[in-house]
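Work through the exercises below with the sequence and the model at hand. Each task is followed by a solution in steps.

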Amino acid sequence: MSPVRRLLVALTTLLAVLAAVAVVSLLVGSAAVEPAAVLWAVLGRAEPESLESVVTVGLRLPRIAAAILAGGALAVAGVGFQALTRNPLAEPAVLGVSSGAAFGVVIAQVLGLSATVLETLGLAVFAFAGAVLAATAVWIVASAQRGLVIQTLLLAGVIVGIFFSSAIAVVVSLVDVNRLGGVIHWLLGNLAPVPRPSLALFAALAALGVWLIARDARELNLLALGEETATQLGVATERLKLRIFLGAALLTGAVVAFAGPIGFVGLVVPHVLRRIVGEDNRVLVPTALVAGAAFLLGADTIARTVIAPAELSVGVITSFCGAPVFVYVLRSQRRPAP
Amino acid sequence: MTRAPVADFRRVTFGYSRVEGRRRAFAITDVSFDVRPGEILGVIGPNSAGKTTILRLLTGVLEPAAGEVRIEDVPLARLGSVEIARRVAVVPQTLPEAFPFTVGELVLMGRYPHGPGRLFESEEDREVARRVMEETGLLELAGVAFARLSGGERQRAVIARALAQRPRLLALDEPTTHLDLRYQAQCAELVQRLSREDGVGVLLISHDMNLAAELCDRLLLLAEGQLLALGPPEEVLDPGLLGTAFGCAVVVERSRTTGCPVVRAAWSNTVVERG
């Protein structure tokens, strides 16, 4: 099957899955609302002050939107980092990039940024800066030896992650805890409803990041040949790497700013997709966008219903899924070549 | 009518800025040669003589400090990387360990320089890739992951990717190093057919002087970045020249089957005929 057909088939299927998950997510929750009432509220026929309207339009819909954006962004960031490092284990959380972004957000919150759109943009800028800082640190530590060795890269990611987590702990201890309301909940990854203007900003940043990676999908395939061979085929590898690096950091930063450091989405989703659609990044990037959205939306639906009326952090669910996949991929990499 | 050489090195000098060890390793000094259409030129010489540097200068990955490299009479410096890739294809020694794509996908990657703005390959690209796989006997393996291939199949797949570029010059970096005898022969036949039938110029970098002697029209002997000799194998594979290049005594005999020179190092128990 040609890659174009594979892409269309996979994309159609995944969009159907996403739609189904979204419908379920809209219908379930700690507040019992009849399906008919939900439909009524979504169509704008219910009283604005009624329970069904507040729950569906005010809480569930924005949360669904945030989950779709965050899941898609994280999965695409994962594909980007994986192509860049030529390693299927590379992922924003594993590489410590999420921790760097979280540190940026905590600093921004200490500086008093939080509520208005402009302030949210500032938050995202700090998150992006933190992501770039962490990713650069990982890159420098890992490439100190010749080339990027898989184990070194993962260790560098862990070390940088621990460093920024500690830095966050220091900042949180120094600052009045009340000013950093809910920071612990957020640090585990939390898709609390995001106000509409901020949601639009989130969408814009995610779109920019996805575009930066998707437009170079063919070149990313060639990067798997090794940098020198890619260069000899006419790819401007240095500029390509920079664009992908910035795109993946932007996606990570945006997600962390709006939803917290949610781990392993960028690992699990591309890993499963590769089994189904193959390695071609031109197919992988768009399908990861949709599959990541469906995965995180599903995880969040579970997170907010499984112990209702209380709720789990969505990051807990994704980590429970991600850790076994991580171990599996790591072990299958060690298998000697036939 | 004489056609322009596909590659032309004119007094090319290159030195890496960092000095490695005692000597400026991998540097070359004042090297001139050309590769003509349909010709197989072998580059031989000891380790770090500058063989791979020549390859990198040829594709614009490195730029000469002095002198000029021309491709089909156009200075390399005037060509963009995509334009170079449409004319010169390189077969690297190996691909990265975990290369995840299938044979078909690998071969199609060779079409990149013919439409770098496209996200997906054109019909023509697919047709060229199909024909190249047919020529190299890979059509049945198109859907198989590269990592699952045998050594010989891998080599053919990597060469097929280079051929999909439809180059005027094919540069091979130690193509037979990892191959056993049968695949060495297949690889040699493929290279020979390309040059004879399609008029592709071939630059063959090899440690294997005996293979080079049989396959190449001319040989270029490099040592410590200097050109020691350039000419037909019979001239270049001279015990004196090779002894100087490799720093050891060398015996050159003649193959009883092909009449080609056969080179080996002379060690203590070698009986050297003195004439």
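**Exercise 1.** Is Phe99(B) buried or exposed?

Before the solution, some conventions. This is a predicted model, in which local features need pLDDT of at least 70 and side-chain atom pairs count only at pLDDT 80 or more, while totals for chains, interfaces and linings use all residues. Residues are numbered from 1 along each chain as its sequence is written, chains are lettered from A and ligands numbered from 1 in the order in which they are written, and side-chain values use heavy atoms, with hydrogens and water left out.

*Step 1.* Buried means under 20% relative accessible area, exposed over 50%, and partly exposed in between, with a 1.4 Å probe and protein chains only.
*Step 2.* The relative accessibility of Phe99(B) is 1%, so Phe99(B) counts as buried.

**Exercise 2.** Find the aromatic pairs, and classify one in chain A and one in chain B.

*Step 1.* Rings of Phe, Tyr and Trp (its six-membered ring) pair if their centres lie within 6.5 Å; planes under 30 degrees apart count as stacked, over 60 as edge-to-face and the rest as tilted.
*Step 2.* Over all chains, the search of the whole structure gives six aromatic pairs.
*Step 3.* One of them joins Phe163(A) and Phe164(A), at 5.4 Å centre to centre with 85 degrees between the planes, and is edge-to-face.
*Step 4.* Phe163(A) counts as exposed at 56% relative accessibility, whereas Phe164(A) counts as buried at 5%.
*Step 5.* In chain B, the ring centres of Phe99(B) and Phe146(B) are 5.5 Å apart and the planes stand at 85 degrees, so this pair is edge-to-face.
*Step 6.* The pair links distant parts of the chain, 47 residues apart: Phe99(B) lies in the loop between β6 (88-91) and α3 (103-109) of chain B, and Phe146(B) in the loop between α4 (123-135) and α5 (151-164) of chain B. Helices (H or I, at least four residues) and strands (E, at least two) are DSSP runs, numbered from the N terminus.
*Step 7.* Phe146(B) counts as buried, with 5% relative accessibility.
*Step 8.* Back in chain A, Phe103(A), Phe163(A) and Phe164(A) form one aromatic cluster.

**Exercise 3.** Describe the sheet that contains β1 of chain B, and the helix that lies across it.

*Step 1.* The strand order of this open sheet of four strands is β2-β1-β4-β5 (chain B), with antiparallel pairing. Two strands pair if DSSP finds at least two bridges between them.
*Step 2.* β2 and β5 (74-75) of chain B are the edge strands, each pairing on one side only.
*Step 3.* Five bridges hold the antiparallel pair of β1 (residues 7-14) and β2 (residues 28-35) of chain B, with Ala7(B) opposite Val35(B).
*Step 4.* β1(B) also runs antiparallel to β4 (residues 66-71) of chain B, again over five bridges; there the bridge partner of Phe9(B) is Val69(B).
*Step 5.* α1(B) lies across β1, β2 and β4 of chain B at about 115 degrees to β1(B). Axes are lines fitted to C-alpha atoms, for helices over the stretch in contact (heavy atoms within 4.5 Å), and angles run from 0 to 180 degrees between N-to-C directions.
*Step 6.* In α1 (residues 51-58) of chain B, six of the eight residues are buried, among them Ile54(B), Leu55(B) and Leu58(B).
*Step 7.* Gly60(B), with a positive phi near 75 degrees, follows α1(B).

**Exercise 4.** Describe the sheet of six strands in chain B.

*Step 1.* The order in this open sheet is β6-β7-β8-β3-β9-β10 (chain B), and the pairing is mixed.
*Step 2.* β6 and β10 (226-231) of chain B each have a single partner strand, so one side of each is left without a neighbour in the sheet.
*Step 3.* Neighbouring strands are turned by 15 degrees against each other on average, direction ignored.
*Step 4.* β7 (residues 169-173) and β8 (residues 201-205) of chain B run parallel and are joined by five bridges; Leu169(B) has Gly201(B) as its bridge partner in β8(B).
*Step 5.* α5(B) lies across β6 and β7 of chain B, at about 170 degrees to β6(B).
*Step 6.* Helix α9 (residues 239-246) of chain B touches β9 (218-223) and β10 of chain B, and its direction makes about 35 degrees with that of β9(B).
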